[in-house]
Amino acid sequence: MTMPALMTHPTVRFLARRLAYSVVVLIGVLVVVFALVHLVPGDPVRIALGTRYTPEAYDALRQASGLDRPLLVQFFSYLGNAVTGDLGVSFRNGDPVSQVLMERLPATVSLAVVGILVALVIALPAGIWSALREGRVSDAIVRVTSQFGVSVPDFWLGILLIALFATTLGWFPTSGYRPLFSDPGGWLAHIVLPGLTVGLVAAAILTRYVRSAVLEVSAMGYVRTAKSKGLAPQVVTMRHTVRNALVPILTITGIQLATILGGVIVVEVVFAWPGLGRLVYNSVAARDYPVIQGAVLLIAALFLLINLIVDALYAVVDPRIRLS
Amino acid sequence: VIDVRQAAAAITAVLVLLMAACSPGQGVDLGRGSGNLIAAIGGEPDQLDPQKTSAYFSFEVLENVFDTLVAPDANLEMKPALAERWELSSDQLTWTFHLRNGVTFHDGTPLRADDVVYSYRRIIDEKLSNVDKFSAVTDVQAVDPATVVIRVKQPTPNLLTNLGGFKGMAIVLRSNVESGQIATHPVGTGPFAFVSRKSGDNIVLKANPNYWGGAPKIPGVTFQFISEPSTALSALQAGEIDWTDSVPTQRVTQLRNDDSIHLAVTPSNDYWYLALNEAKPPWNDSRVRQAIAYAIDRKAIVQATSYGTAVANQLAIPDGNPWFAPYGKYDLDLDKAKSLLAEAGGAPKAMDMLVTSEYPQTVTAAQVIADNLAPLGITVNIRTVDMATWLDQQNSGNFDMLMMGWLGNIDPDDFYYAQHHTGGTSNAQKFSNPDVDRLLDAGRSETDQNARRDDYAKAAAIIADQASYIYLYNPSVIQAWNTKLTGYDARRDKAIRFATASLTEPVSQ
């Protein structure tokens, strides 16, 4: 393929357009976050110094953090640095923000991926099964269970799982995180309970969507046709019903995944999980502007990435959908 | 084109793999495998510069990394640390400290008198938060590499407490400060050296084999951040951690009967108080403040905030402390409160009470207090904000009443001066009383121990009588550790010292 041909290839054009669009979105996000953190009451310097401090120490820290400069100057200097990948240093502890984010990202991605896998493994069969048996007792059981799952607070579920599987049975550690690549066994042992907590709650939501998506497709004319021409029920279900229901299922899965990536603060607190959610929460409490801005940018970028993947998968699932 | 069965098979394969790898044994636990003591603390330290941080989570770690010239023993009496001995001139104005021989920083640099001078000058010249500890100091000088001379403008009986009361007065390494590394990679002289920090996860320290107080018996300490107390307790019961101070207070009673865990509930020097904004009427009238003090039900507050583990107190200093003075004017008395309000011209209709979610006990107590003041006809509007906003509001005087606590005080000067002296740095309530000022000033230079105790007892009585603070209670230090951990004890100043700790493996298992 020659260069011009590559440039006009629909996939490349699609990616280029999405990239440009993503940059615009990220800058928009940055403007909003920057404005918000600076407008919210509360002074990062004061909170860093605590209840006892001298005016001199206050001024020195304010100057060192660059907070004494006009807001627009601060913004453009931040933007200039951010473009080169320099997200500044934390007011709170002096760590470079990009380093902090890279330390937190693996934990968050691990939890999101495992959580969404758990959710899919439960929700896909349960939702399909329930839809195919609409109105029967088994359908009612799935619906009641998922309703229960949606209503269960995740911190409570987490504490219960810890009490049963960690404290009583001793199968898994209660809390903490181990990196996947340096300690795969530790990673696995530590991710089971938080992954289940996140996954079970997401599964409850997903099941309901899978069920309604499958139900909607089942009522379509082509499904009736397939049935009436004598196809085996499994073939009808897999080839006609489920495959056509995959588009809405993909959409909601993408949203769920993005939500988990954005931080499941409560689960992170219960399992002492070093993810992005807790980072954002603590940074907001400390008014640690550079960390809040960096983390929100990263989360927004993850959202855009997932959107992109979901859009690409639409085309895989349904060839009628073109990438454009 | 995707094949649903293939996708399902792939997902199943991944999960089977996941589960297969999940066999008992559960891989290497980084903290455990190292033989380190694993300590769970309730939150993440901010910066690790001991002279600049104000966070207790930071001090829990830094207590083990840094030293001071002198340091408090279990009874909070100052004992030699980096200074082996000291002399006080007969006019009580010159203190000469002789440094211990052969002390080195963790990077191998020998400790010299210049380091002490540098550390103190940094606090004084940059006017760091602890500069008030040097308010009487006129000069700090290294006369030779092993001797530091500190001159004071007046006899200063609490100089040792000021220099050694907490690690905010740590001796730091100049090159560590000047490189800017101290906030993230601190280098001290303490029993443990800083190794690493993982954001949101842990801080690892390793033993300093050359520690002047003797090499620690454990290879290191891993501080794990577990903010949910029930998780920390589960981790302790499961043997994943050895020590924690993140203990759910509602489970203290039950834990007292648990033989597998050592529970310490030690009265602390911390205290929680209410302060009324005296810059605003009607709170500038001492009778109105006294009426509030009479209407507060401390027992109910203690029960609600700490499940009875705290001790109600009408003054700051708890019973058992050498500076304790008895005081019991404000026993719950609604009639007295009503008559005081009537004298002052009637009860205020509403009161804005500032509390913060950062310290949930303030929110809980506020609800009890709102209930307590209702019979007086005062509607308490509880305003719950985060810490950043709270500090803003307190500083700009935008409150009727607030609740807060002071932590880690040792000398009575710590308890009273900044809070109640006219124009004191922490006198947000704008209290001013010439007798209190005179007594607090006298206490700073009174060298006769009994006369000094008398000054502070008198000052404290006026402060409480005038309700500059309405004192509520002293919380307890609550810590739990497993039976493997020995050589450690909970201290009333909440200093977490693992220098002498050891871990014994249980015989069976």
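Which helices of chain A each supply at least two residues of the nonpolar patch? In this predicted model, they turn out to be helix 8 (154-168) and helix 12 (265-270).

**View 1. A nonpolar patch sits on the surface of chain A.** Look for F148(A), F155(A), W156(A), I159(A), L160(A), I265(A), V266(A) and Y281(A), which make up the patch. Taken together, these residues have about 740 Å² of accessible area. Helix 8 of chain A is the top contributor, giving four residues.

**View 2. Zoom in on V266(A), a patch member found in helix 12 of chain A.** Is this residue buried, partly exposed or exposed? V266(A) counts as partly exposed because its relative accessible area is 34%, which falls between the 20% and 50% cut-offs.

**View 3. Over in chain B, four strands build an open sheet.** Read across it and the strand order is 4-5-7-6, with antiparallel pairing. Strand 4 (83-88) and strand 6 (137-144) of chain B are the edges, so to speak: each has a pairing partner on one side only. From one strand to the next, the twist averages 20°.

**View 4. Here's how strand 6 and strand 7 (residues 147-152) of chain B are joined.** The two run antiparallel, with six bridges between them. For one of the partnerships, find A142(B): its bridge partner in strand 7 of chain B is V148(B).

**View 5. Helix 4 (residues 113-125) of chain B packs on the sheet.** Helix 4 touches strand 5 (94-99), strand 6 and strand 7 of chain B. Compare directions, and helix 4 makes about 160° with strand 6 of chain B.

Note on methods:
Residues numbered from 1 in each chain as written. Chains lettered and ligands numbered in written order. Predicted model: local features only at pLDDT ≥ 70, side-chain atom pairs only at ≥ 80, totals over all residues. Heavy atoms only, no water. Patch = residues over 30% accessible without salt bridge, like charges linked within 9 Å, V, L, I, M, F, W, Y side chains within 5 Å. Areas by Shrake-Rupley, 256 points an atom, 1.4 Å probe, with all protein chains shown as cover. Salt bridge = Lys/Arg side-chain N within 4 Å of Asp/Glu carboxyl O. Buried < 20%, exposed > 50% of the residue type's maximum accessible area, 1.4 Å probe, protein only. Pairing = 2+ DSSP bridges. Axes fitted to C-alpha atoms, helices over the stretch in contact; angles between N-to-C directions. Contact = heavy atoms within 4.5 Å.
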